Amino acid sequence: MFFLTPVLVAVVCILIVWIFKNGDGSSKRRKGEPRARAEVRPWVDEDLKDNTDLHQGEEGANDRQESEEDVEHIPFSHTRYPEKEMVKRSQEFYALLSKRRSVRFISSEQVPMEVIDNVIKTAGTAPSGAHTEPWTFVVVKDPDVKHKIREIIEEEEEINYLKRMGRQWVTDLKKLRTNWVKEYLDTAPVLILIFKQVHGVAASGKRKVHYYNEISVSIACGILLAALQNVGLVTVTTTPLNCGPRLRVLLGRPTNEKLLMLLPVGYASKEATVPNLTRKPVDQIRVIV
Ligand SMILES: Cc1cc2nc3c(=O)[nH]c(=O)nc-3n(C[C@H](O)[C@H](O)[C@H](O)COP(=O)(O)O)c2cc1C
């Protein structure tokens with residue numbers, strides 16, 4: 001009876017250790033297993049992969065970059081408005097932009113190219129990290145190229161909806177009635193593909209660091225959306241998941257450029273509809289400290 005006690009204690013100890021080691025096994029990732037669903041962020045991880053990248057060495061990754069060290073500083077010129085005028089202008093600008101909607105039904109009517117140039121020039125006024133201006137706006141008008149873009153996007157989007165996005169994401173999109181069929185890629189007279197340059201290339205061929213390139217290009221895209229709204233054209237912000245590398249190759253863009261956004265641009269088609277969405281009131285999005 002007494003000699004059984006140490007055996008019993010040993011068995012209990014082993015059991016306790018085993019329970020502690022395996023108790024949280026469900027939350028731990030075992031070797032070779034895919035990441036937990038909550039950790040998977042396909043819109044970030046997948047899209048930034050670009051198998052068409054050159055190896056760093058081929059692009060002179062170790063070269064010291066060239067810098068423009070001296071720029072003349074000049075007096076700043078701008079317009080200051082009386083307060084009443086400021087309030088009026090802020091209200092008018094808000095009224096204009098509050099009517100902006102993502103429109104997925106775009107007519108094939110041609111748009112003036114001068115206007116497209118002007119809205120792109122406007123986007124190019126955006127601030128950028130160390131004034132690197134890390135953006136390229138590719139304007140596609142050619143119907144054959146637009147159709148090839150549509151084929152690539154629809155092929156990838158079908159897989160996105162069925163496999164990559166997951167049930168929650170697809171459910172969240174239901175209210176927008178979107179799917180992988182993107183007719184607007186053929187009908188819109190102009191597609192603007194906005195590429196972020198993850199680094200620049202100096203005249204000498206050396207690599208130039210593009211600080212905060214994604215934030216800079218995103219700001220430029222925001223300004224572009226506002227400029228399009230200002231001229232009465234419509235678009236829908238699209239970020240075609242997993243299509244970046246193929247579209248970059250199709251458009252003959254260099255490897256330092258990654259697709260950030262695709263905007264089909266044109267006039268709204270007569271039968272266009274939009275989801276009846278509301279926007280958060282200012283007291284839900286602004287905090288005063
Ligand atoms: C970063 C980003 C990515 C988006 N991607 C898509 C997209 O791939 N396809 C699409 O139809 N809409 C896309 N949208 C549009 C949103 O669905 C739309 O902005 C949202 O439903 C609000 O509607 P509104 O733009 O009419 O205010 C995207 C918007 C943003 C800001």
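**Valine 190**

I began with valine 190 and found it in strand β2, which covers residues 190-197. A reminder to myself: this is a predicted model. I then asked whether valine 190 is buried or exposed. Its relative accessible area is 1%, so I wrote it down as buried, the cut-off for that word being under 20%. Next I looked for a partner far along the chain and picked aspartate 142. The two residues are 48 apart in sequence, and their C-alpha atoms are 8.5 Å apart in space.

**Leucine 185**

My next stop was leucine 185, which belongs to helix α7, residues 184-187. I noted a relative accessible area of 1% here, so leucine 185 goes into the notebook as buried. Which distance separates its C-alpha atom from that of lysine 146? I get 6.2 Å, for a pair that is 39 residues apart along the chain.

**Valine 111**

I went on to a loop residue, valine 111, which sits between α3 (83-98) and α4. With a relative accessibility of 7%, valine 111 counts as buried because the limit is under 20%. I also checked valine 111 against alanine 188, 77 residues away along the chain. Their C-alpha atoms are separated by 9.4 Å.

**Two positive phi angles**

I turned to the backbone here, with one rule of thumb in mind: most residues other than glycine have a negative phi.

Histidine 131 caught my eye, since its phi is positive, near 50°, and it is not a glycine. I located histidine 131 in the loop between α4 (113-123) and β1 (135-140). Its relative accessibility is 58%, and exposed means over 50%, so I count histidine 131 as exposed.

Asparagine 242 is another non-glycine residue with a positive phi, about 70°. I found asparagine 242 in the loop that runs between α8 (213-230) and α9 (244-250). Is asparagine 242 buried or exposed? At 19% relative accessibility it counts as buried, because the cut-off is under 20%.

**The ligand**

I kept the ligand for the end of the session. Where does the ligand sit? I find it in the largest pocket.

I listed the residues around the ligand, and the arginines among them are Arg100, Arg101, Arg104 and Arg279. The list also includes Ser102, Thr178 and the run Thr237, Thr238 and Thr239. Leu176, Val236 and Leu277 are on the list as well. Sorted by type, the shell has 3 nonpolar, 5 polar and 4 charged residues.

For the polar contacts, I looked up individual atom pairs. A polar side-chain atom of arginine 100 is 2.9 Å from an oxygen atom of the ligand. For arginine 101, a polar side-chain atom lies 2.7 Å from a ligand oxygen atom. Threonine 237 takes part through its backbone: an N or O atom there lies 3.0 Å from a nitrogen atom of the ligand. How much of the ligand does the protein bury? Taken alone, the ligand exposes 620 Å², and the protein buries 64% of that.

Notes. Residues numbered from 1 in each chain as written. Predicted model: local features only at pLDDT ≥ 70, side-chain atom pairs only at ≥ 80, totals over all residues. Heavy atoms only, no water. Near = heavy atom within 4 Å. Polar contact = N/O pair within 3.5 Å; in protein donor to acceptor, adjacent residues only side chain to side chain. Areas by Shrake-Rupley, 256 points an atom, 1.4 Å probe, with all protein chains shown as cover. 1 Å grid on protein atoms, 1.4 Å probe; cavity = no way out; pocket = protein on both sides within 12 Å on 5 of 7 lines; lining within 4 Å. Sits in = over half its atoms within 2 Å of the grid points. Nonpolar A, V, L, I, M, F, W, Y, C, P; charged D, E, K, R; others polar. Helix = DSSP H or I, 4+ residues; strand = E, 2+ residues; numbered from the N terminus. Buried < 20%, exposed > 50% of the residue type's maximum accessible area, 1.4 Å probe, protein only.
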